[in-house]
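Q: I'm new to this one and would like a close look at a single part of it. Please pick a region and walk me through how its pieces are arranged.

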Amino acid sequence: MRILYSHLFTILLILVFTQYAFASLISNYPGQPIAYELVINFTHASESQEWRVHIELVGYNANFTCSSSLKPNPLYMQTRSISPRLIATSLYYVLDSVCPKVIDVLKSAKNGLLELVMTAPKDYVVRSALDWRGYGAPGGPYLLPVTLFKRYYMYDGIVVAYTRVYETIDNPSLNLSIVLPRGFNTAQLDAVVETVTAVRNGLSRWLGPSPRSPVVIVIASPEESDYMPPGTAHSTGAMLYIKPDIDVDLAGLIHAVAHESAHGWFNFGLLYGDFGFQEGLAEFLALNALRVYAPRLFGIAERYVLFSLKSDDRYATWLKVHAAIWYSVIYACNESLYTDLLRGLFRQALAENGKYVTLFDLINSLVAHAPQYCRQRLRSLLGPTLLSAAEGSSSWPFVNTTVIEDALRLLNSPVSSNFTVNGTCRGQPLEEPPARISHTRTGVNEMPREKVTLNSTSTEKSVTHAPQSPTRTQNVERGGPAGSFSLEPSSSLYGQIPYLALLAFIAVFSIFAFRARINRE
């Protein structure tokens with residue numbers, strides 16, 4: 001009888017261990033209830049560029065439907081790109097135009113999951129900022145915590161594209177979807193994709209992953225949308241919209257895509273601020289990411305930057321200011337204080353549901369956080385910093401660094417010999433990092449096109465990404481590979497190995513201890 005009890009106890013422990021292991025493969029948490037189901041149905045478009053949209057919300061204290069028209073609003077950049085063949089706008093604008101009370105209900109929601117379904121007419125495809133984050137297959141349906149939806153993705157982009165005019169490429173190896181006109185130039189497409197991935201990789205490394213890193217690229221045809229002139233680009237964060245000129249300038253295209261990619265980190269709800277901080281920082285950090293991670297593309301984009309500098313473009317002006325500040329910090333303290341401070345501000349923004357920062361805030365924080373041995377040196381260099389930006393230069397970092405070096409020599413502060421302007425500090429590469437919503441760019445002269453290989457698959461052909469509905473008990477708190485963004489530990493098997501091993505050890509130890517006790521008795 002004792003042997004029977006021993007075997008029963010062993011079987012019970014094995015069952016408990018198996019159940020825990022299986023649950024660990026699915027999620028870190030027990031399944032959460034679905035609090036809301038939101039359905040957005042784009043029914044049809046008219047020649048007047050208006051769409052008919054039907055929205056239904058079912059959930060706690062909510063059970064209603066709305067139907068209304070959706071049309072472009074010329075007053076805002078992100079609401080202009082709506083036409084019968086292409087919608088590329090923010091989800092917030094859709095909800096606010098058709099059913100504003102959905103916004104009120106979801107903003108007041110405290111917990112639970114949201115299931116989001118978006119449908120479109122035949123021959124149309126849907127993509128959104130929620131793609132490639134572990135919330136569902138590209139195009140949905142999506143399942144995610146309502147708190148993340150109302151904080152990040154309600155303000156980000158959605159795309160509805162007519163498949164007879166636009167091709168959709170889903171690339172699971174890059175965690176990226178591209179919507180583009182059929183027959184679009186391959187070399188230009190490859191340059192766009194390489195630019196986005198270079199900036200995304202750089203900013204993820206420097207500032208940390210973002211819940212709104214770029215995952216959808218929309219390239220509109222030149223004749224699309226009456227309110228968006230050719231040579232225009234804007235970003236909602238995770239969605240980039242580009243409308244190139246008929247004669248595409250590759251330098252201007254790469255530059256605009258790099259800048260807008262940076263807005264996946266600096267945006268409303270993330271880290272944002274005044275023009276000098278937000279747009280200037282996006283300009284500087286995007287170009288630095290190209291310089292470090294895609295030097296060939298940086299060499300092409302640099303031609304456009306030099307054109308902007310000669311034209312006294314305001315983006316180029318603030319680019320020089322940030323470059324001068326960055327250079328002064330490195331030169332005074334020989335440390336990557338600039339990047340470290342931005343990383344801390346970005347983490348603070350994620351923790352505080354957004355953070356507004358001015359350029360003066362950044363400068364004061366740099367001085368306050370500088371090590372004691374170099375704080376006075378840095379403070380003394382801030383005046384020459386602006387002079388170096390004003391004089392400028394025709395090469396990276398586009399400021400007259402001699403002004404800063406001369407000022408430092410006047411302070412009788414020797415410069416460490418292991419620093420070079422090209423980016424070496426204490427044997428480590430100086431890689432600087434991004435900013436918020438949109439701006440307009442026009443091209444300059446035609447630049448030579450170069451071939452880059454893009455490994456991707458068309459959705460109308462054999463797509464390597466198999467659409468799957470999200471499991472309702474999956475770890476919906478974590479973002480997918482696109483930004484590697486996570487509010488909680490990973491729920492993968494590898495992340496659970498230490499816990500499973502510990503439980504297995506306890507189980508085996510308990511079995512042997514129980515049997516040893518029986519044998520003694």
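A: **The sheets and the helices across them**

Let's start with helix H3, residues 100-108, which lies across strands E1, E2 and E3 and runs at about 140° to E3. Keep in mind that what you're looking at is a predicted model.

Those three strands belong to an open sheet of five, and if you walk through it you meet them in the order E3-E2-E1-E5-E7, with mixed pairing. The edges are taken by strand E3 (62-70) and strand E7 (142-145), each of which pairs on one side only. Ignoring direction, neighbouring strands here are turned by 15° against each other on average.

Now zoom in on one pair inside this sheet. Strand E1 covers residues 34-45 and strand E2 covers residues 51-59; the two run antiparallel and are joined by nine bridges. To spot one of these in the picture, find phenylalanine 42: its bridge partner is valine 53 in E2. As general background, strands of a sheet pair through backbone hydrogen bonds, and they can do so parallel or antiparallel.

H3 shares this sheet with another helix. H2 lies across E1, E2, E3 and also strand E5 (113-119), and it runs at about 100° to E3. But H2 has a second set of strands to deal with: helix H2, residues 91-98, also lies across E4 and E8, at about 95° to E4. So H2 is your link from the five-strand sheet over to strands of another one.

That other one is an open sheet of three strands, ordered E4-E8-E6 and paired antiparallel. Why do E4 and E6 each have a side without a neighbour in the sheet? Strand E4 (86-90) and strand E6 (124-128) stand at the edges and each has a single partner strand, so one side of each is left free of a neighbour in the sheet. From one strand to the next, the twist averages 10°.

There's a nice pair to look for here as well. E6 runs antiparallel to strand E8, residues 157-162, and five bridges hold the two together. Tyrosine 124 sits opposite tyrosine 162 of E8, so you can use these two tyrosines to find where the strands meet.

One last stop, away from these strands: valine 215 is in the loop between helix H5 (186-207) and strand E11 (216-219). Its relative accessible area is 0%, which means it counts as buried, the cut-off being under 20%. The C-alpha atoms of valine 215 and asparagine 175 are separated by 6.5 Å, though the two are 40 residues apart along the chain.

Notes
Residues numbered from 1 in each chain as written. Predicted model: local features only at pLDDT ≥ 70, side-chain atom pairs only at ≥ 80, totals over all residues. Heavy atoms only, no water. Helix = DSSP H or I, 4+ residues; strand = E, 2+ residues; numbered from the N terminus. Buried < 20%, exposed > 50% of the residue type's maximum accessible area, 1.4 Å probe, protein only. Pairing = 2+ DSSP bridges. Axes fitted to C-alpha atoms, helices over the stretch in contact; angles between N-to-C directions. Contact = heavy atoms within 4.5 Å.
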